[in-house]
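Q: I've just opened my first protein model and I'd like to learn how to read it. Can we go through it feature by feature?

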Amino acid sequence: IDHVQYEQMGRKAELKAGSFWVDTTAHIVYLKMHASEDPNIKLVEVPTRNTVLETWLYYEPGFASYFVLKGLIIEHAVINNELGGYHFLIKDCEFRNNGGGGLMLMGTDIMVKRCKITNNGGNGIGIGPLFDDNVEHEALFEQCTIIGNKWRTGYYGKYWGDATSTFKILVYRNLIVRGCKIINNWAGGIWFDNRVNNALVEDCYIADNTTSVAQMYYEIGNGDFLFRNNTIANGGEAVSIGTAYYATLRGNILYNNIRSICSNWDPAYIRNDGGPYAFDFKTVKPSFFNNIIVTQSAGQKIMDMPSWEQLYTGADKIIANYNTYFSTQTTVFSDGNKMVDFNAWKARIAGDYQSKFADPGFIDPSNGNFNVSASSPLQSDASWAFVTSSQVGNATTIKANRNDVLIRYTVDGTLPIKTSNIYTMPL
């Protein structure tokens with residue numbers, strides 16, 4: 001009742017404020033509410049179990065904790081669904097309409113493929129250490145759909161767990177997120193929290209999530225982080241880089257976000273934390289190549305980085321080139337002190353010299369079509385490789401803008417790999 005779990009009683013006579021009793025013969029549920037509660041205006045949830053899925057498999061000598069979960073629907077739990085242990089494969093499952101987190105994972109060697117995580121009250125997905133002093137490793141999330149989560153926080157303002165992320169990753173290394181769709185959630189997109197190292201995010205579509213927080217937040221990690229060939233649209237902060245080492249953005253589309261690339265850390269935090277996992281709290285050598293970044297409205301920024309001098313001079317400075325920027329405004333770059341135009345930005349970072357400030361010519365970005373038109377300046381840019389498609393009857397023709405591009409394809413909905421069929425004629 002109103003985000004507070006009631007206690008189930010065994011007999012009607014035992015009812016007290018904040019409890020319920022079920023008459024299984026008459027099929028009636030009796031509620032004993034608090035005096036301050038009005039059932040006409042309160043949220044009433046009726047789950048089926050406190051936790052639907054909870055598995056803890058600890059590694060011990062001689063005991064293999066392998067676990068496969070496939071083709072199931074997990075729904076209507078009060079709190080998080082949790083899996084803790086080692087060597088998990090979760091595929092073709094749906095985690096939906098739970099009161100807490102849809103899928104919370106703790107452990108090493110985890111694969112989650114083709115799962116749907118939808119309309120959960122807490123985080124859609126969370127992954128982290130099984131024990132406090134562990135740094136877990138090896139995880140793959142592939143072709144998952146994450147939609148409508150964190151409604152308890154976003155819609156009602158009730159905080160179950162952290163308040164800002166849909167997909168949270170904590171204390172982990174060697175992790176891949178590939179081909180996932182993260183849209184229309186009541187929080188931000190992916191949050192790489194404390195001590196996340198060696199992470200790859202590619203071919204993901206992240207759009208239309210809550211605009212007040214980051215869609216992709218790389219908070220604390222000492223390398224490496226690669227974010228490539230993703231699309232982030234209609235958000236607040238598209239990519240926020242914290243005290244992160246060697247973050248590289250390559251080949252992404254960032255469209256209609258309030259702050260496309262930014263950092264929120266105060267210079268006072270540039271320090272060594274002195275703990276057992278000590279490293280200097282600073283941003284080291286963020287790199288931006290072959291990205292297309294477009295803002296649509298006044299007040300939106302393409303770059304909004306701090307004024308720390310180490311980002312602009314020396315070995316740790318920003319590296320950027322071959323990007324395409326466009327805005328209806330001219331002063332959309334910031335180093336924390338003032339807004340400047342593209343030429344001043346290039347001078348400030350001593351880079352981005354082969355980048356351009358021009359309309360990329362998206363065909364229909366408002367409806368998610370980020371293909372470029374025939375008149376796009378990218379069509380004649382030798383640093384860009386992309387394909388266009390056309391359809392006549394049932395035959396689809398795919399054409400690349402460069403002769404050195406090899407196209408591979410699948411017909412079963414899976415992502416192509418290096419051994420997939422080579423495209424040679426219309427399909």
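A: Sure, let's begin with the lining of the largest pocket: its residues divide into 21 nonpolar, 17 polar and 10 charged. Here Ala, Val, Leu, Ile, Met, Phe, Trp, Tyr, Cys and Pro count as nonpolar, Asp, Glu, Lys and Arg as charged, and the others, Gly among them, as polar. One caution: this is a predicted model, where local features need pLDDT of at least 70, side-chain atom pairs count only at pLDDT 80 or more, and totals for chains, interfaces and linings use all residues. Residues are numbered from 1 along each chain as its sequence is written, and side-chain values use heavy atoms, with hydrogens and water left out.

Q: What is the volume of the largest pocket?

A: A pocket is an open set of points on a 1 Å grid over the protein atoms alone, where a 1.4 Å probe fits, with protein on both sides within 12 Å along at least five of seven lines; lining residues have an atom within 4 Å of a point. Points are joined across faces, edges and corners, and the volume is the space filled by probe spheres set on them. For the largest pocket that comes to about 2,200 Å³. It has 48 lining residues, and the closest to its centre are Asp 203, Asn 229, Ala 385, Phe 386 and Val 387.

Q: Which strand gives the most to that lining?

A: Strands are DSSP runs (E, at least two residues), numbered from the N terminus. The answer is β36, with 4 residues.

Q: What about the second largest pocket?

A: Its volume is about 550 Å³. Tyr 6, Phe 20, Glu 45, Val 46 and Pro 47 are the closest to its centre, out of 22 lining residues. Both β2 (19-23) and β3 (28-32) supply at least two residues of this lining.

Q: How are the strands β1, β2 and β3 arranged?

A: Two strands pair if DSSP finds at least two bridges between them. These 3 form an open sheet in the order β1-β2-β3, with mixed pairing. β1 (7-8) and β3 are at the edges with a single partner strand each, so one side of each has no neighbour in the sheet. β1 and β2 run parallel, joined by 2 bridges, and Glu 7 sits opposite Ser 19 in β2.

Q: Is Thr 166 buried or exposed?

A: Buried means under 20% relative accessible area, exposed over 50% and partly exposed in between (1.4 Å probe, protein chains only). Thr 166 counts as buried, because its relative accessibility is 0%. You'll find Thr 166 in strand β14 (residues 165-169).
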